[in-house]
Amino acid sequence: MKRSSIVILSAVVVLFLVSWILKGASFSGDDNPYLRGFLTTAAAFLTLAVFSFLYQDNPFYKFAEHLFVGVSAAYWMVLGFWQTLVRNLIPRLSSDLAAWFETPSKDISLWYIIPVIFGLLLLMRLSKSAGWISRWPLALIIGYTAGINFVGYMRSDFVNQIAATFVPLLVNWQGTGAFFSDFSLAIDGQFVMMLSNWVIFVGVMCGLIYFFFSKEHTGLFGSASRVGIWILMITFGASFGYTVMGRISLLVGRLTFLFRDWLELIG
């Protein structure tokens, strides 16, 4: 290890210990002040380690990244063991084993041995000579998942999207006189609802025209195509802005933690 790396690592360790002691002293009224101080300091240093990637890739970022992946994998493994195996599988296979795990027993069914066998076959992936056996349960899982989700996605992302575009262009229409006499700019008013439906109708039609390449985009057809481009760009911009807002909210949360909970510079 280079001398500069040793100096930087030593400085980080010293700062961590100082922060731990100071934060532990600030939590003197708690039952475990130094444990809470250690957790707060560790969270702050891991946050700064991740932020350090903005400068360049470095060992501190790699440590935080590997720690996050390892903890996440261990968390999901433990959660899967207790939620899937202990609470759902074992009570259906053996009441004695369920009593040993202190979980309520359920109706015994030997059909649940089949997923156990598939689960064991998946572990054959660890064998070089018999690893091909794991492809069969993996293929079953992927095929089953795809078949189950196909109906849901077909309904929510395709059929419902198309059905949402079939909106009435004249909402509660009772004539021109009634329209102007009851004119209102309220969000649930007749004018706003009709305007919204017209925007949906025109936006969908112009967007479809933009992707229709069997006819040259000239004249009225070309104008509708250019309106379709504007509709698409506004939609993509709104989606991107929504995503950026979500990421900025996460950044604000981490900065608030650093300056309020760790450094106590803001109230």
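**Notebook: an all-helix predicted model**

I started with contacts between residues at least 6 apart in sequence: 28% of these join residues at least 24 apart. I note here that the model is predicted.

**Overall build**

I counted the elements next. The protein has nine helices and zero strands. Read from the N terminus, the order is α-α-α-α-α-α-α-α-α.

Then I checked the dimensions. The C-alpha trace spans about 75 × 60 × 45 Å along its principal axes. I compared the radius of gyration with the rule for a compact globule. For 267 residues that rule gives a value near 18 Å, but the protein has 30 Å.

I looked up burial for the whole chain. Buried residues account for 18% of the 267 residues. The accessible surface comes to about 20,500 Å². Carbon and sulfur atoms hold 71% of that surface.

**Helix H2**

I asked what end-to-end distance helix H2 should have at 1.5 Å a residue. H2 covers residues 33-51, which is 19 residues, so the expected span is 27 Å. I found its end C-alpha atoms 27 Å apart, which agrees.

Which residues of H2 are buried? My list reads Pro-33, Gly-37, Thr-40, Thr-41, Ala-42, Ala-44, Phe-45, Thr-47 and Ala-49. I recalled a general point about spacing. An α-helix has 3.6 residues a turn, so residues three or four places apart point the same way. The buried list includes Pro-33, Gly-37 and Thr-41.

I then looked for what covers these buried residues. The cover includes helix H1 (3-26), helix H3 (59-93) and helix H9 (219-262).

**The nonpolar patch and Leu-9**

I went to the surface next. A nonpolar patch of about 650 Å² is made by Met-1, Ile-6, Ile-8, Leu-9, Val-13, Leu-17 and Phe-60. H1 gives the most to the patch, with five residues.

I picked Leu-9 from the patch for a closer look. Leu-9 lies in helix H1. Is Leu-9 buried or exposed? Neither label fits, because its relative accessibility is 37% and Leu-9 therefore counts as partly exposed. Buried would need under 20%, and exposed over 50%.

**Ser-225**

My last stop was helix H9, where Ser-225 is found. Ser-225 has 4% relative accessibility, so Ser-225 counts as buried. What does Ser-225 touch, leaving out residues up to four places away in sequence? I noted Cys-206, Ile-209, Tyr-210 and His-217.

Notes
Residues are numbered from 1 along each chain as its sequence is written. This is a predicted model: local features need pLDDT of at least 70, side-chain atom pairs count only at pLDDT 80 or more; totals for chains, interfaces and linings use all residues. Side-chain values use heavy atoms; hydrogens and water are left out. Helices (H or I, at least four residues) and strands (E, at least two) are DSSP runs, numbered from the N terminus. The expected span of a helix is 1.5 Å times one less than its number of residues. Buried means under 20% relative accessible area, exposed over 50%, partly exposed in between (1.4 Å probe, protein chains only). Contact means heavy atoms within 4.5 Å. Patches are made of residues with over 30% relative accessible area and no salt bridge: like charges are joined within 9 Å, nonpolar side chains (Val, Leu, Ile, Met, Phe, Trp, Tyr) within 5 Å. Accessible areas come from the Shrake-Rupley method with a 1.4 Å probe; for residues, only the protein chains shown count as cover. A salt bridge is a side-chain nitrogen of Lys or Arg within 4 Å of a carboxyl oxygen of Asp or Glu. The radius of gyration is taken over C-alpha atoms; the globule rule is 2.2 Å times the number of residues to the power 0.38.
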